[in-house]
Amino acid sequence: RYVDRFGKEKNLMAAYTFNVQVVEIKYSGTGSEREATLVLHDSVTGETWTEGPYDLVIYASQASEPHIPDIPGRKEFKGNVYHSIDFKKEQYDDIVQSGKKVIVVGGSKAGCDLALCFQRGGYDKFRWLYRTPYLFWKYEVMFHDRSLANMLRGFTTIVGMLMSLVSQRLSGWIYWASGIAVTHGTGTPHNDWSKFHFGILCPKQRRDLASITKECIVRGNPQAFTETGIRLSDGTTVDADVVLFATGCESGIDKIRLTKNKKTPYTLQPTTSMLDHFLVPDFPVLANATALWTTFGPVRAVNAADMAVYHLCVRRPLTEQEMQYSAMWQLGTTNGVSGFLFQSQTNAVKTFLLMHLDLLFRGNVNVADFLVHVLEVFCLSRQTALKMRLPKLKHH
């Protein structure tokens, strides 16, 4: 619905192609003469065809594939298993009408949303299972009224983020002290900020989460499926007819077959260092826009377009070896397959900052523009795209 509405508002519907899967990207060429050809499949008609050549293919899907942990015994479980991105109203209605027992697995924002789905519907036959609750920022503190107090608090948040480069725990204490941090569940709030992935909870969400009874919350580590539920590492079992996983997503970029020089298979690794956190150095007709996480929301797509123009039209053509060497000296790396937002043990704030430092050191962004941008977001509670200072056009 969002894509359809956006396309109509921006008069882009003619540029959209729906129900088509990119099966393969073929990369050929040497030096500056590189091109990509796409193999496409229509999921409705079954037709397969090729399109191209293209100078660059930009992958822009953040979370198209569900990530479900490999818990032993799944085949023995006699109930249904869903991931949060596949859970629809039809499944919810069937659960409620049939009185099925449910386990929601995961303490992330998606886990909160699923738990709230049942809590707000007055359905209590669910158990919310997680090891550690995620940490969040408060909506009303992040998107504030620009009062002097809230602008100062926004500045404190910036200081906390910068401190994450030195100490994750110290930055966490600053968040807690400023009043922007919040979590859910029972027990004492923790300070493990690897459990923060830029999630936000509004006051109503927090109130409703707090109203979930202790009996519905289970702290533990899933060890195996049983026929009737999940067994935890402490030996206890939780019965269920349905298990819902809220355990993150993959971008899906690794599902596309990549072929180099017409015959050599290429595998994009999670550890691949992407040039400027955007371009795959040894497959340079492919860029991953979801890795260039310069700011919040879809406005960051502007920076992906900036980087594409810079690579194709401004920067001199680089060899694969030059791109690999340049990427090797970057301060930060972003998981090229799943992105840093869905890595459960990643310091998301530090990864975010290191990426910006790389852009600063390479001259793609200047210090003044970066400072203006963060002050705008956190102190003035508004946002525009990060301004990139790319060199003047040199060639086409």
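## Helix α8

The helix α8, where a helix is a DSSP run of H or I with at least four residues, numbered from the N terminus, has 14 residues that at 1.5 Å a residue should span 20 Å, and this agrees with its end C-alpha atoms, which are 19 Å apart. The expected span is 1.5 Å times one less than the number of residues.

This is a predicted model, in which local features need pLDDT of at least 70 and side-chain atom pairs count only at pLDDT 80 or more, while totals for chains, interfaces and linings use all residues. Residues are numbered from 1 along each chain as its sequence is written, and side-chain values use heavy atoms, leaving out hydrogens and water.

Among the buried residues of α8 (under 20% relative accessible area, 1.4 Å probe, protein chains only) are Met307, Tyr310 and His311. The buried residues of this helix pack against β4 (57-59), α9 and α10.

## The nonpolar cores

A nonpolar core is a set of buried Ala, Val, Leu, Ile, Met, Phe, Trp, Tyr and Cys residues joined through side-chain atoms within 4.5 Å. The largest one has 46 residues, of which Trp137, Met161, Tyr175, Phe198, Phe278 and Phe378 touch the most other members. Elements that each supply at least two residues of this core include α5 (148-163), α8 (301-314) and α10 (348-361), and the largest share, seven residues, comes from α10.

Leaving aside neighbours within four places in sequence, Met161 is in contact (heavy atoms within 4.5 Å) with residues including Trp137, Phe352 and Phe378. A second, separate core of 25 residues includes Tyr123 and Ile217.

Definitions and conventions: Buried < 20%, exposed > 50% of the residue type's maximum accessible area, 1.4 Å probe, protein only.
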